[in-house]
Amino acid sequence: MKMGDKLRLSVGILGNGASLLLYTAPVLTFSRVFKKKSTEEFSCLPYVMTLFNCLIYTWYGLPIVSHCWENFPLVSINGVGIVLESIFIFVYFCYASPKEKIKVGVIFVPVIVVFGLTTAISAVVFEDHRHRKSFVGSVGLVASISMYGSPLIVMLPNMVGTPLGILQLIIYFKYKNKKEAPITTTVVGKWDHEKNKSKLELVVDVDHDADADDNEKKFMNAC
């Protein structure tokens with residue numbers, strides 16, 4: 001065996017060990033699901049994306065895409081990943097609420113469709129291993145990014161809410177010490193009306209008293 005082949009085999013074994021730890025990590029999570037008979041607030045997205053990643057790289061390592069069995073370590077570890085992730089998704093589906101089961105279906109079906117299209121295109125459209133590996137490897141890159149980024153779905157709302165909250169605090173501290181301009185209401189019309197009304201009542205009273213005095217004088221003179 002050449003030195004380059006030995007190095008590839010060594011790196012492949014180390015990579016398989018690391019990948020095995022990654023694929024078996026959810027065992028603790030699903031042991032909790034078994035005990036509580038509920039998926040609680042867990043999302044199925046990371047497991048579906050990991051399954052997608054394993055499917056793509058298993059296909060990549062098969063002789064149809066790669067040359068012979070040059071990427072057999074890739075096939076072996078991702079084959080194990082397919083089995084594990086399929087079990088996780090099945091368990092999740094069994095204990096999920098009806099609403100969550102719908103979400104699993106909405107995520108799972110497109111993943112299978114994309115994988116099917118990838119295998120069909122790579123097998124039919126491209127005629128040599130180099131172009132097949134390039135195409136499937138590109139899809140695998142997207143699958144890997146989706147797999148590693150999928151857990152961030154839990155914190156994405158907070159990532160959006162945090163800057164908005166900071167902006168709100170900045171605006172508050174900027175304007176909190178500014179006094180509001182006093183609101184003055186002019187009631188001149190009403191005041192004048194009341195004032196004129198008072199004057200009118202006074203005049204009526206005075207005239208009434210004067211007429212009463214005149215009538216009294218006339219009555220006395222007549223007597």
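**Salt bridges and a buried serine**

The side chains of E70 and K133 form a salt bridge, with N and O 3.1 Å apart. The two residues come from separate parts of the chain: E70 sits in the loop between α3 (45-61) and α4 (72-95), whereas K133 belongs to helix α6. The pair therefore ties together parts that lie 63 residues apart in sequence. The model is predicted.

Both partners are partly exposed. E70 has a relative accessibility of 26%. For K133 the value is 24%. Buried residues fall under 20% relative accessible area and exposed ones over 50%, so E70, at 26%, counts as partly exposed. The same cut-offs apply to K133, which at 24% is therefore also partly exposed.

Salt bridges that share partners join R32, K36 and E40 into one network. E40 pairs with R32, and the closest N and O atoms are 3.1 Å apart. E40 also meets K36, side chain to side chain, in a salt bridge of 3.1 Å from N to O. E40 is thus a partner in both the bridge to R32 and the bridge to K36.

The members of this network are partly exposed. E40 has a relative accessible area of 30%. R32 reaches 41% relative accessibility and counts as partly exposed. K36 stands at 49% and is likewise classed as partly exposed. Exposed requires over 50%, so K36 at 49% stays in the partly exposed class. In total, the structure holds four salt bridges. Among them are E70 with K133, E40 with R32 and K36 with E40.

Attention now turns to a serine. S150 is found in the loop between α6 (129-149) and α7 (156-175). S150 is buried, with a relative accessible area of 4%. The cut-off for buried is under 20%, so S150 at 4% falls in that class.

The side chain of S150 makes a polar contact with the backbone. Its partner is the backbone oxygen of M147, at 2.8 Å. Further contacts reach beyond the immediate sequence. With neighbours within four places in sequence left aside, S150 is in contact with L45, P46 and M49. Helix α3 spans 45-61, and L45, P46 and M49 are contacts of S150. The buried S150 thus combines a side-chain reach to the M147 backbone oxygen with contacts to L45, P46 and M49.

Definitions and conventions. Residues numbered from 1 in each chain as written. Predicted model: local features only at pLDDT ≥ 70, side-chain atom pairs only at ≥ 80, totals over all residues. Heavy atoms only, no water. Helix = DSSP H or I, 4+ residues; strand = E, 2+ residues; numbered from the N terminus. Buried < 20%, exposed > 50% of the residue type's maximum accessible area, 1.4 Å probe, protein only. Polar contact = N/O pair within 3.5 Å; in protein donor to acceptor, adjacent residues only side chain to side chain. Contact = heavy atoms within 4.5 Å.
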